[in-house]
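Here are some exercises to work through with the sequence and the model side by side. Try each task yourself before you read the solution.

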Amino acid sequence: MIINGKEVNIEDINYESKMHTKRENGLLLSDEQINILKKYDIDYLKYNNMSSLIYEIEEILNIEYYEDLDNLSIELAEFNYYQNTNK
């Protein structure tokens, strides 16, 4: 199967790393997201809501652009909207 222009074998996808898990501080984050945060020395445990974590990421992106961190910011913002916005 081709996803985003790359050949991907579905059997090779690690779904566990993509599953959101409630962390010690109450945030729902996947292991994959945490690995990206750790890569940029962002301690997700010091934030008690998704908005403040997204703000910190945006502050870093204002200084220097990182594609994976930007993608994470977008992903978290969308997740936060659908989880926490009264519709």
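The exercises below go through the core, one helix, the aromatic pairs and the salt bridges.

This is a predicted model, in which local features need pLDDT of at least 70 and side-chain atom pairs count only at pLDDT 80 or more, while totals for chains, interfaces and linings use all residues. Residues are numbered from 1 along each chain as its sequence is written, and side-chain values use heavy atoms, with hydrogens and water left out.

**Exercise 1. Find the largest nonpolar core and say which helices supply it.**

Step 1: Start with the terms. A nonpolar core is a set of buried Ala, Val, Leu, Ile, Met, Phe, Trp, Tyr and Cys residues joined through side-chain atoms within 4.5 Å. Buried means under 20% relative accessible area, exposed over 50%, and partly exposed in between (1.4 Å probe, protein chains only). Helices (H or I, at least four residues) and strands (E, at least two) are DSSP runs, numbered from the N terminus.

Step 2: The largest such core has 18 residues, and those with the most contacts inside it include Leu29, Leu53 and Ile57. At least two core residues come from each of α1 (31-39), α2 (50-63) and α3 (67-84). The largest share, six residues, is supplied by α2.

Step 3: Now look at Ile57. Leaving aside residues up to four places away in sequence, Ile57 touches Leu37, Ile42, Leu69, Leu72, Ser73 and Leu76, where contact means heavy atoms within 4.5 Å.

**Exercise 2. Which residues of α3 are buried, and what covers them?**

Step 1: List the buried residues of α3: Leu69, Asp70, Leu72, Ser73, Leu76 and Asn80.

Step 2: These residues cover an arc of only 155° around the axis, so they sit on the same side of α3. The arc is that of the directions from the helix axis to the C-beta atoms.

Step 3: Their cover includes β4 (28-29), α1 and α2. On the other side of α3, Glu67 and Tyr82 are exposed.

**Exercise 3. Describe the two aromatic pairs of the structure.**

Step 1: Rings of Phe, Tyr and Trp (its six-membered ring) pair if their centres lie within 6.5 Å; planes under 30 degrees apart count as stacked, over 60 as edge-to-face and the rest as tilted.

Step 2: Tyr40 and Tyr66 have ring centres 4.6 Å apart and planes at 45°, so this pair is tilted. Tyr40 lies in the loop between α1 and α2 and Tyr66 in the loop between α2 and α3, so the pair ties together parts that are 26 residues apart in sequence. Tyr40 is buried at 16% relative accessibility, whereas Tyr66 is partly exposed at 25%.

Step 3: Tyr81 and Tyr82 make an edge-to-face pair, 4.9 Å centre to centre with 85° between the planes. Tyr81 is partly exposed at 42%, and Tyr82 is exposed at 58%.

**Exercise 4. Locate the two salt bridges of the structure.**

Step 1: Look for a side-chain nitrogen of Lys or Arg within 4 Å of a carboxyl oxygen of Asp or Glu, which defines a salt bridge.

Step 2: Asp31 and Arg23 form a salt bridge at 2.8 Å, N to O. Arg23 is buried at 16%, while Asp31 is partly exposed at 37%.

Step 3: Lys39 and Asp68 form a salt bridge at 2.9 Å, N to O. Lys39 lies in helix α1 and Asp68 in helix α3, so the pair ties together parts that are 29 residues apart in sequence.
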